[in-house]
Amino acid sequence: MENTNITNEKSTILLIDDHPMLRNGVKQLISLEPSLLVIGEAGDGATGIKIAEEQDPDLILLDLNMPGMNGFETLDELRKRELSGRIILFTVSNYGEDLVNALKRGADGYLLKDMEPEELITALKEAASGKMVVSPALTSVLAESLKATRPQTGNNLLSLTPREADILELISQGLANKMIARKLDIAESTVKVHVKHLLKKLNLKSRVEAAVWVLQQK
């Protein structure tokens, strides 16, 4: 009973990576942080999806380059499921195309494996609190990729309802759906519907893209 209480106070994490040594290293690092807990690990996408459906972790740390089902394909499958957690790509790839592709497919963040341990822990804690996380080295790449869609998105901004505009602003502050619902005093399911509609209207594929786009306008 005592263990259950401790677990409930922590943000739960699932690791999906085909390198056992890396998984062990990350797991040991996370074990030093009281607010985070690894509740599962998988060496391939199919197994990771199964564990994600069973455990519904707060965070999924997903490798990009895996044999068989790669990170993008795994991300696509995870997004088809009714999971409440956030999905962060964790990779050695610093290619802008991979970053943009991941965000368009619905990733909630993109972190590089060469991050300092302290930076990784900080990023995971921020992701668990609902903030978007992208390795600092890649933020300029993301900004450039969004410039092409800015004119069309700007016109579509007028099509947002006042409620959608409020939610977009809160997304840009890094708030998760649950926190947005609490702040606006509406149901979390209602927030999800609004988010889906405003992303479609703005021609954006993910919350991270939406947040970065709003920050660019300021």
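Colleague: How do you know that strand 5 and strand 6 pair, and in which sense?

Modeller: Two strands count as paired if DSSP finds at least two bridges between them. Strand 5 and strand 6 (residues 133–134) have two bridges, so they make the cut, and the sense is parallel. Tyrosine 110 stands opposite valine 134 there. By the way, helices (H or I, at least four residues) and strands (E, at least two) are DSSP runs, numbered from the N terminus. This is a predicted model, where local features need pLDDT of at least 70 and side-chain atom pairs count only at pLDDT 80 or more, while totals for chains, interfaces and linings use all residues. Residues are numbered from 1 along each chain as its sequence is written, and side-chain values use heavy atoms, leaving out hydrogens and water.

Colleague: Which hand does the crossover from strand 5 to strand 6 have?

Modeller: A crossover is right-handed if, with the strands pointing away from you, the path from the first strand over the helix to the second runs clockwise. The one from strand 5 through helix 6 (residues 117–128) to strand 6 is left-handed. The β-α-β crossover from strand 4 through helix 5 to strand 5, however, is right-handed.

Colleague: What makes both faces of strand 5 covered?

Modeller: Buried means under 20% relative accessible area, exposed over 50%, and partly exposed in between (1.4 Å probe, protein chains only). Gly109 and Leu111 on one side are buried, and so are Tyr110 and Leu112 on the other.

Colleague: Why is aspartate 56 called partly exposed?

Modeller: Its relative accessibility is 29%, which falls between the 20% and 50% limits, so aspartate 56 is partly exposed. Aspartate 185 reaches 71%, over 50%, so that one is exposed. Aspartate 56 also has a positive phi, near 45°, without being a glycine. Aspartate 185 is no glycine either, and its phi is positive at about 60°.

Colleague: What makes a group of residues a nonpolar core?

Modeller: The members are buried Ala, Val, Leu, Ile, Met, Phe, Trp, Tyr and Cys residues joined through side-chain atoms within 4.5 Å. The largest has 26 residues, and Ile60, Leu62, Leu78, Leu89 and Tyr110 touch the most other members. There's also a second, separate core of 19 residues, including Ile167 and Leu199.

Colleague: How confident is the predictor on average, and where is the pLDDT below 50?

Modeller: pLDDT is the predictor's confidence in each residue, from 0 to 100. The protein chain averages 84, and 86% of the residues score at least 70. Over residues 1–7 the value is below 50. Where pLDDT is low, the predicted coordinates should not be read in detail.

Methods. Contact means heavy atoms within 4.5 Å.
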